[in-house]
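Work through the exercises below with the sequence and the structure open beside you, and try each task before you read its solution.

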Amino acid sequence: MKYIVFTYNDLPTINIGDYIQSIAARQYMDSNVVFVNRDELGKYDGDKAKVIMNGWYTYNPSCCLPNERVTPLFIAFHLNADAEKSFLTPGNIAILQKYAPIGCRDIHTTEVLQNKGIDAYFSGCLTTTLGYAHSFKVTPKNNDIFIVDPYSYLPNGKNIYELTRTLCQLIGNFKSIRRLIGKYKQENPFTINLSKVGIGRLLLVTKTYVLLKKICEKDVIWKARYITQWYMNSEYPTDESRFKRAYELLQLYAGAKYVISSRIHCAFPCLGLQTPVAFVKNNAGGEKSTCRLDSISELLNVVELDKERVVFNFLKDKKFSMKTTFTNKLTYLDNRNKLIQKCIDFINLQK
């Protein structure tokens, strides 16, 4: 029996969080693995195989679901709001009904599938099980604080007012932002140029600095280590290099004192790795973003934003400092344990 692990090599930019999702699934499999592009699963024509369908599968709705050569376990499945109409065709609904119940990563997906007559339930995210079968969990803890994409997108990024405001913030804080870019370059391939990605990075670093001044003491801002999980295709051009980077990041997160991030696939892995993590939840991202986050506050310690205004901080009136300590919520553990058992049972069934 073959086991499919997903790759994502058809995108112009790379989210290493996707590869972290693949690592979360791979930890249940033996060495008999075949790599398949997530959005081309329906074209698979190799030996019969099993696949754990965790993640976001709506970039190519006509080809992302399994054919008759593949036996899937739908777990931690996400259907984004902007793809519901194109994805929920009669053919795709029939496939989901065939392999139900469908474990969903978020409440939004659960309710959408149920409304289409598909047996679905909230499973949580498979990356919370990282550490189950890898050495990450025995990584010794240190005093490193990681700040990982606290802004993973620019809210209202096509809005002229928002762009003008961000440019003014860049000019007003130019010296500090230039210093912060240097911090990013210490840990990442991080090109700032006139490309769409380069300009986007500059704007995101600007927003990051504006946010950090509100929630962090200066010692954290300038002593923390800065990671991005969003790269140009050319910066990690092969699946091998992307998986390597994903493993590197997980090892770093496993040893951290604490992590601040708006990336789901940084925050949820930190739960599994038993690393304290603060999730930056921005309510201004539109339905495409917020539909993924409806259960976040129950599972994670949250700093909540409305555009640039901090409307909630689990630390209350305190800022993050080098001395800050906190613990993760434990509400994820029940789903984590169920996910582990479901994956074990699926892989071992008629092996």
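## Exercise 1: A threonine and its surroundings

Leaving aside residues up to four places away in sequence, Thr 128 touches Phe 268, Leu 271, Gly 272, Tyr 332, Arg 336 and Leu 339. The model in which these contacts are found is a predicted one.

Task: Decide where Thr 128 lies along the chain, and whether Thr 128 is buried or exposed.

Solution. Begin with the chain, where Thr 128 is found in the loop between strand E7 (120–122) and E8. Then turn to the accessibility: the relative accessible area of Thr 128 is 5%, and the cut-off for a buried residue is under 20%. Thr 128 is therefore buried.

## Exercise 2: An open sheet

Task: State the order of the six strands in the open sheet, and explain why one side of strand E9 and of strand E14 has no neighbour in the sheet.

Solution. First read off the order, which is E9-E8-E11-E12-E13-E14, with mixed pairing. Strand E9 (225–227) and strand E14 (309–313) stand at the edges and have a single partner strand each, so one side of each is left without a neighbour in the sheet. From one strand to the next, the twist averages 20 degrees. As a general point, the strands of a sheet pair through backbone hydrogen bonds, and this pairing is either parallel or antiparallel.

Next, look at how the strands are joined. E12 and E13 run parallel and are joined by five bridges, and Asn 282 stands opposite Leu 305 in E13. Strand E13 (residues 301–306) and E14, by contrast, run antiparallel and are joined by four bridges. Within this pair, Glu 304 stands opposite Phe 312 in E14, while the bridge partner of Val 303 in E14 is Asn 313.

Finally, consider what packs on the sheet. Helix H7 (residues 196–215) does so, touching strand E8 (145–148), E9, strand E12 (277–282), E13 and E14, and the direction of H7 makes about 45 degrees with that of E14. As for E13, five of its six residues are buried, and the strand is mostly covered.

## Exercise 3: Unusual backbone angles

Task: Find which residue in the turn of the E13 and E14 hairpin has a positive phi, and then place Asp 149 and Gln 274, which have positive phi values as well.

Solution. It helps to recall that most residues other than glycine have a negative phi, and that most peptide bonds are trans. The hairpin of E13 and E14 has two residues between its strands, and Lys 307 in the turn has a positive phi of about 60 degrees.

Asp 149 has a phi near 45 degrees and is found in the loop between E8 and helix H5 (160–172). With a relative accessibility of 6%, Asp 149 counts as buried. Gln 274, with a positive phi of about 60 degrees, has its place in the loop between helix H10 (264–272) and E12. Gln 274 counts as exposed, at 60% relative accessibility.

## Exercise 4: A cis bond and a pocket

Task: Identify the residues joined by a cis peptide bond, and say which residues line the second largest pocket.

Solution. The cis peptide bond joins Ala 100 and Pro 101, with an omega of about 5 degrees. Pro 101 has its place in the loop between helix H3 (90–98) and strand E6 (102–104).

Both Ala 100 and Pro 101 also appear in the lining of the second largest pocket, together with Pro 72, Leu 73, Phe 74, Tyr 99, Tyr 121 and Lys 342. About 160 Å³ of space lies in this pocket. Strand E5 (residues 70–78) gives the most to the lining, with three residues. Sorted by character, the lining has seven nonpolar residues, no polar ones and one charged.

## Exercise 5: Distance in sequence and in space

Task: Determine how many residues separate Ser 62 and Val 303 in sequence, and what distance separates them in space.

Solution. Ser 62 is found in the loop between strand E4 (49–56) and E5, and with a relative accessible area of 72% this serine is exposed. Ser 62 and Val 303 are 241 residues apart in sequence and, from C-alpha to C-alpha, 37 Å apart in space.

How values were computed:
Residues are numbered from 1 along each chain as its sequence is written. This is a predicted model: local features need pLDDT of at least 70, side-chain atom pairs count only at pLDDT 80 or more; totals for chains, interfaces and linings use all residues. Side-chain values use heavy atoms; hydrogens and water are left out. On a 1 Å grid over the protein atoms alone, a cavity is a set of points where a 1.4 Å probe fits but cannot get out, and a pocket is an open set with protein on both sides within 12 Å along at least five of seven lines; lining residues have an atom within 4 Å of a point. Grid points are joined across faces, edges and corners, and a volume is the space filled by probe spheres set on the points. Ala, Val, Leu, Ile, Met, Phe, Trp, Tyr, Cys and Pro count as nonpolar, Asp, Glu, Lys and Arg as charged, and the others, Gly among them, as polar. Two strands pair if DSSP finds at least two bridges between them. Axes are lines fitted to C-alpha atoms, for helices over the stretch in contact, and angles run from 0 to 180 degrees between N-to-C directions. Contact means heavy atoms within 4.5 Å. Buried means under 20% relative accessible area, exposed over 50%, partly exposed in between (1.4 Å probe, protein chains only).
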